[in-house]
Amino acid sequence: MTALPIAAPAPRRAPARVLPGFNLTLGFTIFYLSLIVLIPLSALVFKTFTLTWDQFWAAVTGPRVMASYRLTFGASFIAALVNVFFGLLIAWVLVRYDFFGKKIVDALVDLPFALPTAVAGISLTALLAGNGWIGQYLEPLGIQLAFNPNGVVIALIFIGLPFVVRTVQPVLEDTEKELEEAATCLGATRWQTFSKVIFPTIAPALLTGFAMAFARAIGEYGSVIFIAGNMPMVSEITPLIIIGKLEQYDYAGATAVALVMLVFSFILLLVINALQTWQRRRSGASS
């Protein structure tokens, strides 16, 4: 009896790809990033190199520039810390509770994204100035929130809050409530449940939100200049220093200050990424 031949299996076809091949898409990606990011940043560096070292050092360490560094980075750090706390609180309420007007509150979180920064600055000034709706009651008490560093911090809190909320919110939605219930059944207090179960899960998202809010605040200009007062050595932010140098046609000096801010921002991102990696490893080891 003759055995029937066994048909060879048909070769598997490669899955059809919606986009073109890897080489083409990678080439387009590199070209686009070079056009949008690398070329402008390289122009910034090359323009700065037209200065001698003494000229560069004098441009980036002048008294007004140093005062603007302290205000810009200090106010951005404080605003980012405030946003981490209140952003977590808002995200928690939006995820864990149902209440009337929840969709409206959720939409209001994104308002700083859509609102022009100049409009935000004018609105905060009209609210907090000495003759504003709130400022007129606070100024007689000796509390001045506009036209000083306090106004800078408030403006940076306003524009940075959505970054923390929108970063933490999806992580909270994905957390397993069964773990919280198990911790409660084992006798854990509310603080122990939060610190041992919930916080390790959301910590990387909090760090990411902090980094995004901090980086956004460092480069903020439109909402700050209206409420800061822009007094030299007191409430003058670094972006305003750069604008002033450009108006004086000191392009090399402006790019020198901008390069310093770029380096600090890049170092910040590296540090935050390292902290996120450490937190993920620590969470994985503990689990």
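In this predicted model, Arg166 and Asp106 are joined by a salt bridge, and their closest N and O atoms lie 2.8 Å apart. Arg166 belongs to helix H8 and Asp106 to helix H4 (residues 102–109), so this pair ties together parts that are 60 residues apart in sequence. Both partners fall into the middle class of accessibility: Arg166 is partly exposed at 25% relative accessibility, and Asp106 is partly exposed at 26%. The contact also belongs to a wider arrangement, for Asp106, Asp110 and Arg166 are linked in a network of salt bridges. The general principle is that side chains of opposite charge can pair when their charged atoms come close.

The structure holds six salt bridges. One of them joins the side chains of Lys102 and Asp98, with a distance of 3.2 Å from N to O. How exposed is each partner? Lys102 counts as partly exposed, at 23% relative accessibility, whereas Asp98 is exposed, with a relative accessible area of 73%. The class of Asp98 follows from the cut-off, because a residue counts as exposed when its relative accessible area is over 50%.

A further salt bridge leads to another part of the chain. Lys245 pairs with Asp250, and the closest N and O atoms of the two are 3.9 Å apart. Lys245 counts as buried, since its relative accessibility is 16% and the cut-off for burial is under 20%. Asp250, by contrast, is partly exposed, with a relative accessible area of 30%.

Lys245 is one of the buried residues of helix H12, where Thr238, Pro239, Leu240, Ile241, Ile242 and Gly244 are buried as well. Why can H12 be called largely enclosed by the rest of the structure? The reason is that seven of the ten residues of this helix (residues 238–247) are buried. Just after H12, Tyr249 adopts a positive phi of about 60 degrees.

Aromatic side chains offer a second kind of contact. A pair of aromatic rings is described by the distance of the centres and the angle of the planes. The whole structure contains eleven aromatic pairs. One of them is formed by Phe113 and Phe163, whose arrangement is edge-to-face, with 5.1 Å from centre to centre and 85 degrees between the planes. Phe113 lies in helix H5 (residues 111–114) and Phe163 in helix H8 (residues 149–174), so the pair ties together parts that are 50 residues apart in sequence. The two rings differ in accessibility: Phe113 is partly exposed, with a relative accessible area of 44%, while Phe163 is buried, at 15%. Helix H8 thus contributes Phe163 to this aromatic pair and Arg166 to the salt bridge with Asp106.

Elsewhere, Trp53, Phe56 and Trp57 form one aromatic cluster. An aromatic ring may also have a charged group above it: the charged end of Arg96 sits over the ring of Trp92, 4.4 Å from the centre of that ring.

Finally, helix H1 deserves attention for its form. H1 (residues 22–48) has 27 residues and reaches 37 Å from its first C-alpha to its last, which is close to the 39 Å expected at 1.5 Å a residue. Where does H1 bend? The bend is at Ser34 and amounts to about 50 degrees. Ser34 is also one of the buried residues of H1, together with Leu44 and Thr48.

Technical notes: Residues are numbered from 1 along each chain as its sequence is written. This is a predicted model: local features need pLDDT of at least 70, side-chain atom pairs count only at pLDDT 80 or more; totals for chains, interfaces and linings use all residues. Side-chain values use heavy atoms; hydrogens and water are left out. Helices (H or I, at least four residues) and strands (E, at least two) are DSSP runs, numbered from the N terminus. The expected span of a helix is 1.5 Å times one less than its number of residues. The bend at a residue is the angle between axes fitted to the seven residues ending there and the seven starting there. Buried means under 20% relative accessible area, exposed over 50%, partly exposed in between (1.4 Å probe, protein chains only). Rings of Phe, Tyr and Trp (its six-membered ring) pair if their centres lie within 6.5 Å; planes under 30 degrees apart count as stacked, over 60 as edge-to-face and the rest as tilted. A charge sits over a ring if NZ of Lys or CZ of Arg is within 6 Å of the ring centre and within 35 degrees of the ring normal. A salt bridge is a side-chain nitrogen of Lys or Arg within 4 Å of a carboxyl oxygen of Asp or Glu.
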